[in-house]
Amino acid sequence: MRIDRIRLFEVSLPLRRSFETSSHRKSAITHALVEATSADGAVGWGEIATPQDPFFGAETTGTAWLVAPEFLAPAVLDREWAHPEELEAAWAKVRGHEFAKAGFVGAAWDLFAQYQGRSLASVLGGTREVVQAGVSLGIEPSIDALLEQVQRQLDAGYSRVKLKIAPGWDLEPVTAVRAAHPHLDLHVDANGAYDWSDEVAELFERLDASALTMIEQPFGVRDFLAHQQLQRRIATPICLDESVVQLDDLETMVRLDAGRILNVKVSRMGGLTQARRAHDRASELGVPVWCGGMHEFGIGRAANVAVSSLPNFSLPSDVSGSDKYYEEDIIQPTVAAHGGTVAVPNVPGLGYEVRADRITELANRVWDSAAARVPEAEEV
Ligand code: MG
């Protein structure tokens, strides 16, 4: 297999409802899409789902736009490969930039699945025909507004609800949701918004009473020790998200007992290849995993659905229907949730048709390796 041409498209889609986390509020999402064309004309798609601002991690759409054309595309173009895993070696020298790499890895897996005549889920080793979908709710203006949102998602059939929390928006809203829904699979995500102190530890001890499925990333990215200290004091499992970028981080988490559940976010880990490795290693270590989302458009969402079909994705993933976020997606049909589950496509490739015409029309900017290359005749 050889990729002869790569195009990048930066596309913005407005959100149906703006979304607030502990760090910021957003009303539209901008991602870069990777189109990889093979030597014989097959086309694979991947999504660089980094936020525009460096608040989740250090990467932004802008950094991806710098690194992808200069370092990642040249590493991939014209290289012979038989399996997407081989691309990891192509950019072994490029440190970080996991989201940008994930876009290329996704396109390679899509191409690989098409060549195999199998679904993306199947080539990844997926075993589920449907995956459980959970929803993530941002910080709402009031507890009443939050309760209304929770009810709306339950009415839509979702069985797991995750609440974003932050200092000042934690105990009260969580207790209110728990009181209203005693049996709901409920979990909270702080996106690292807390600093360790006894008061903070006591706050999380009180959250134990809400019987949460997990408390996700209460402390900073590098602060494994704070997570360890807290896990010693609470019964609720801690789940790590931002802290686990490489497999080493998972080993650290487990050895320190700094977390007992892993959020395998495909983009954060550098793409489907590494996400699958994390899944496999977590399985060996007895750590259940689920797939977190980054408000992916349809291409990234399709990859999340596929990876969530692997056996150790035993908790509901953030693979809710596209319609929860966007009026009109860039794939068809869109990812749809029915009764809180999403069917895993079983046709070759991503399993959804990518609307290339709509992507071209919406693109804020385009980079094309064919245009960027100096024609041979002009080389000296
Ligand atoms: Mg998270």
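## The second largest cavity

In this predicted model, the lining of the second largest cavity comprises seven nonpolar and three polar residues, with no charged residue among them. The residues concerned are Ser119, Leu120, Ala121, Ala302, Ala306, Val344, Pro345, Gly349, Leu350 and Gly351. Two helices, α4 (120-124) and α11, each supply at least two residues of this lining. The volume of the second largest cavity is about 30 Å³.

## The largest cavity

Two cavities of 30 Å³ or more are found when the whole structure is searched. The largest cavity holds about 120 Å³ of space. Its lining is made up of 17 residues, and those nearest the centre are Glu47, Ala102, Val266, Gly300 and Ala303. By class, the lining of the largest cavity divides into nine nonpolar, six polar and two charged residues.

At least two lining residues come from each of β3, α3 and α11 (298-307). Helix α11 gives the most to the lining of the largest cavity, contributing four residues. Both domain 1 (3-117 + 355-372) and domain 2 (123-352) are represented, each with at least three residues in the lining of the largest cavity.

## The largest pocket

The largest pocket contains about 780 Å³ of space. It is lined by 31 residues, with Gly96, Glu98, Val245, Gln246 and Arg268 the closest to its centre. The lining of the largest pocket includes ten charged residues, alongside 13 nonpolar and eight polar ones.

Helices α2 (87-90), α3 (98-116) and α9 (247-256) each provide at least two residues of the lining of the largest pocket. At least three residues of this lining are drawn from each of domain 1 (3-117 + 355-372) and domain 2 (123-352).

## The second largest pocket

A volume of about 440 Å³ is found for the second largest pocket. Its lining has 25 residues, of which Arg17, Gln149, Gln153, Lys324 and Tyr325 lie nearest the centre. Two or more lining residues are given by each of β1 (3-20), β5 (134-137) and α5 (143-155). Strand β1 gives the most to the lining of the second largest pocket, with six residues.

The classes represented in the lining of the second largest pocket are nonpolar, with eleven residues, charged, with eight, and polar, with six. Because domain 1 (3-117 + 355-372) and domain 2 (123-352) both give residues to this lining, the second largest pocket lies between them.

## The four-stranded sheet and its helices

Strand β1 also belongs to an open sheet of four strands, arranged in the order β3-β2-β1-β16 with antiparallel pairing. The edge positions are held by β3 (43-48) and β16 (365-368); each has a single partner strand, so one side of each is left without a neighbour in the sheet. On average, and with direction ignored, neighbouring strands of the sheet are turned by 25° against each other. Strands β1 and β2 (residues 25-38) run antiparallel and are joined by 13 bridges. Arg5 stands opposite Thr37 in β2.

Helix α1 (residues 61-76) packs on the sheet, where it touches β1, β2, β3 and β16, and its direction makes about 155° with that of β1. Helix α3 likewise packs on the sheet, touching β1, β2 and β3; the direction of α3 makes about 155° with that of β3. Both α3 and β3 also supply residues of the lining of the largest cavity, and α3 supplies residues of the lining of the largest pocket.

Conventions: Residues numbered from 1 in each chain as written. Predicted model: local features only at pLDDT ≥ 70, side-chain atom pairs only at ≥ 80, totals over all residues. Heavy atoms only, no water. 1 Å grid on protein atoms, 1.4 Å probe; cavity = no way out; pocket = protein on both sides within 12 Å on 5 of 7 lines; lining within 4 Å. Points joined across faces, edges and corners; volume = space filled by probe spheres on them. Nonpolar A, V, L, I, M, F, W, Y, C, P; charged D, E, K, R; others polar. Domains from an automatic or database assignment. Pairing = 2+ DSSP bridges. Axes fitted to C-alpha atoms, helices over the stretch in contact; angles between N-to-C directions. Contact = heavy atoms within 4.5 Å.
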